[in-house]
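Trainee: I should like to learn how local backbone and side-chain features are read from a model. Could we begin with burial?

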Amino acid sequence: MKYRIKRLAAGGLALLCTCTMHLYAAPEAGSHAETNRKTDWTFTPDAALPNVLILGDSISIGYTRQVRELLKGKANVYRPVNADGTRPKNCNGTVVGLKVAEPMLKAHEWSVIHFNWGLHDLKHVKKPYTNIKSNDPNDPQQSTPQEYEANLREIVQALRKTDARLVFATTTPVVPGTLNPLRTPEAPVEYNAIAVKIMEENQIRMNDLHAYCLPNLAEWQQPKNVHFTPMGQQALAERVAAVISEELAEEKKASEPAIEDSIAGDQPIIRLWPIEQVGGEANRLRYDVTNRGKIRYENVSDPHLVVFPAQAEGPRPAVLYCPGGGYKHLTPKSEVIDWLNECGITVFMLRYTVPFDREAAFRDVQRAMRVVRHRSKDWNIDPDHVGVMGTSAGGHLVLRLSQNYNEPAYKTIDEADQLSCEPAFVITGSAAYLCKSKSDFSLAEEFLMNAKVAPTFMVCAEDDKTHFTGSVVYEKVLRAAGGSTRMVISETGGHGLKGVNWYPECRDWLKELGVGLDESGALASAPPSPNILIIMVDDMGYSDIGCYGGEIKTPNLDSLAANGVRFRRFFNNAKCGASRVSLLMGRSNYAASQGTYNNPTLGHVLKSAGYHTYCSGKNHSTVNLYERGFDHYYGLRDGMCNHWNPGLQREGEPIPGSKKGRTRYWCDDELTFDTRDPDYQHYFPKDFYTTDAFTGKALEYLSEWEKEKTGRPFFLYLAYTAPHDPLHAWPEDLAKYKGRYDEGYEAIRQARYKKQQEIGLVDPKTSPLSPATHKDWSELSEKQQAGQARIMETHAAMIDCIDQRIGEVIQRLKKLGVYENTLILFCSDNGAEKIGSNAVPETIGTLDTFSAIGKDWSNVANTPHRMHKLSAYNGGSRTPMIVHWPKAIKNPGRFTDKFAHLSNVMPTLLEVSGAEYPEEFNGVSGRKLLGESFVDVIFDQPVKQDTVYMNRGGQSFIIDDGWKLVTEDGKNWSLYNLNKEETEITDLSNKEPERFNTLLAKYNAWRDSIKLR
């Protein structure tokens, strides 16, 4: 392998113990042999894993075994041993240095070598590698600084030849009075300085074990000894293993095929296939094809894209260009590429497998489209505006792709293959194989499929008789089939896209599609409306998920937060049904009947804007959402149900637990039925679980949307019931949290509050932790503690399961190629509830129980806020809100302090989708939205702080200019300054009477106005 120059970017680890010319692996844990006892130190390496060599002194030998255990499954970790297989007593053999090291270095191909030569190792040595012994009993046989430097330089040169990633470990500290009186604390410092100089000159990473060990030397080093205790060895091993892991990651990254390189003209290139695929499935032909003794097609042994970036700001459209005619337009840069760049379109020219192997070439085209979308961010490309262009054989390929983009052509290789290869538009010139005479790949009538075909622009010349007839026939058939097409024909022009003055008409055509630049240099039209996915969970506290401070494993939500925006101050209506109606209708629950949905829903307004509308999950009303603007609705119409079985008792199972024996209703489009109706029990099979069922139906809707190929966006409302009671979780999810909550309420609450500060969610100065209202854990009996721990374990497992299912939906969006332009909103309908359960541990979570989280764990879940579900205080009404939209969000990963409410969601979605709110609905005119959009947050514009209201019977609040006036009974009000104290601890009603009265009057005026609507 070629020697890599840059080595400081990552760490590598190999310690050289030069006791022998034979090289074996470190032993498995527990096989530590006594000194000089013959032991089998060999092992069977995993050929798929990289090899790591540890070279060094006796201290290095001490931690090698632990390093190997820490890297198990990541690398084969070797170190040298005696020729007879015994464990070396020390590194006395290092006096011969390179004589022993060199054969070891040839034993394997090394990925990483972590090495060190201590003070005692590089003794008085002269070539040919013989030790100069001293007769002085006080001579430590330690090399002089000059000898140390000379020897170490020679060692480094030998190691560099291996092409391994090198890491040098500095000599560990010593204390006075160790084995040899001449060893001093100053000696390692002096010799390490020499080593640092050499490693910097050679760009080799340093692992500063000296500095690492120094603070803990008294605890880690054996008394009056240079060697380390088991604790010290483990600490060293963990440090060394961490550095090796980093180097292995860098080595792997460096060993992957170069994504970008340069060719003639300094144009960037992107390889299509991983290097191991070249010559295999991705590349089929390695020979030149001749025509009349001349080479017509170039030998392409490594298919790739040549990139011609457009010099324009903002996400740009792109064209995948497939040249034909013997790659006539491959090099130099052609006129058509210049023209596309002038239009603001980046060109990815495909250098594909020779056209005589058409299936291979088609695989290259499919792969190219997916790679371009996968790399869209790297090139500032809009993945939804990637078209294809081709001439002759390349024209055949792009026309085939326009109809058969879902055709499986090769085995999935990596993430790129999860994306769509459907083109947004097609431009073709004199496409080959359109004539019926070329029946092998005719694209005339019999070849057209009843599938969506991308808008197509065709260029051909009458004198190009080979391809003219077929092009005309194809265009007529495509038009008759309802396809969007345009054709430009000239009398003459030759084979391909050159020679025909088609640029102006094609540019106008591209403008109509919203592709390219207008004369002013701006995008011809606004980007397409986004797909919309709203995910709502039930009764989840402010601090439950990882990105809001929780210990619950939510990697998918955390990723959305890291690449989106998190609201610190997002409010709901503190009760499931009230919040969900507010979300769907954009209004206060006071003004919108929860039972009848008497105002337009998101389903209504988005459907009117051309959206497909789907809902899967909990509705919590008395109406079927299929009757309220949704193309499809599946799920629980009511507020809660048994997660395992909302229906009747199944054979061999106990009676499902229920709350007060209440009747629950289920919907499936126009069908609404009692969950206990015997005729519908097939909806609830034995493997039923609400979270899985709702997710599965949502994925079905996305599949239906993909098959319909209408070109219209979708709105999907995925409304989970979990983690609302009853507490039910899959055993495998529950097992992850076994024992996690044995510490009790306050320990978990404090840990969450600390994490919230660390991630920047709360400032302890303005968000002091509200007074605890939970019980003292120590006052509970062991049985009570076990029961309470099981409650929270189940609550956590339910949220964990939701995150897993969200991950499945995200992967589907990526596979469909719509993830970048899908606006995802995640929220909870209210905080954790205070209703509890006294169930014993062994019954919590079983099908026949109906346990709940309770006010003590609710106090933890709602950290740092006070109160619970049903309360207008923050614990009930303030919950997480994540907004994620890769195509549009500016400066992702940030928090926002904008005050917002569920009623603000509809105005926001109307603004980004272009939908309009109807002035008249169900015979009532004069309706209008009351809330404001929060698109200023999405685009990171200056935030406008709007007044936020909540009204749900007695529980109400108004938030204006950071001041919150709140009541629990509609009569007694409290006043808080959220700008100075977010957690509502200090009531300022008496200190701020004027502000109190102003806010109350403003709230009353708002309440009276919405009664009329």
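Mentor: Buried means under 20% relative accessible area, exposed over 50%, and partly exposed in between, with a 1.4 Å probe and protein chains only. By that definition N645 is buried, with a relative accessible area of 1%. This is a predicted model: local features need pLDDT of at least 70, side-chain atom pairs count only at pLDDT 80 or more, and totals for chains, interfaces and linings use all residues. Residues are numbered from 1 along each chain as its sequence is written, and side-chain values use heavy atoms, with hydrogens and water left out.

Trainee: Which residues is N645 in contact with, leaving aside its neighbours within four places in sequence?

Mentor: Contact means heavy atoms within 4.5 Å. On that basis N645 touches R650, P656, F684 and L847, with neighbours within four places in sequence left aside. In addition, the side chain of N645 has a polar atom 2.8 Å from the backbone nitrogen of G647, and the N645 side chain reaches the backbone oxygen of L648 at 2.7 Å.

Trainee: What should one expect of phi and of peptide bonds?

Mentor: Most residues other than glycine have a negative phi, and most peptide bonds are trans. Here N380 has a positive phi near 55°, and N380 is partly exposed at 35% relative accessibility. E984 also has a positive phi, about 55°, but E984 is buried at 0% relative accessible area.

Trainee: Where are the cis peptide bonds joining A722 and P723, and T863 and P864, and what is omega?

Mentor: The bond between A722 and P723 is cis with omega about 0°; from T863 to P864 the cis bond has omega near 5°.

Conventions: Polar contact = N/O pair within 3.5 Å; in protein donor to acceptor, adjacent residues only side chain to side chain.
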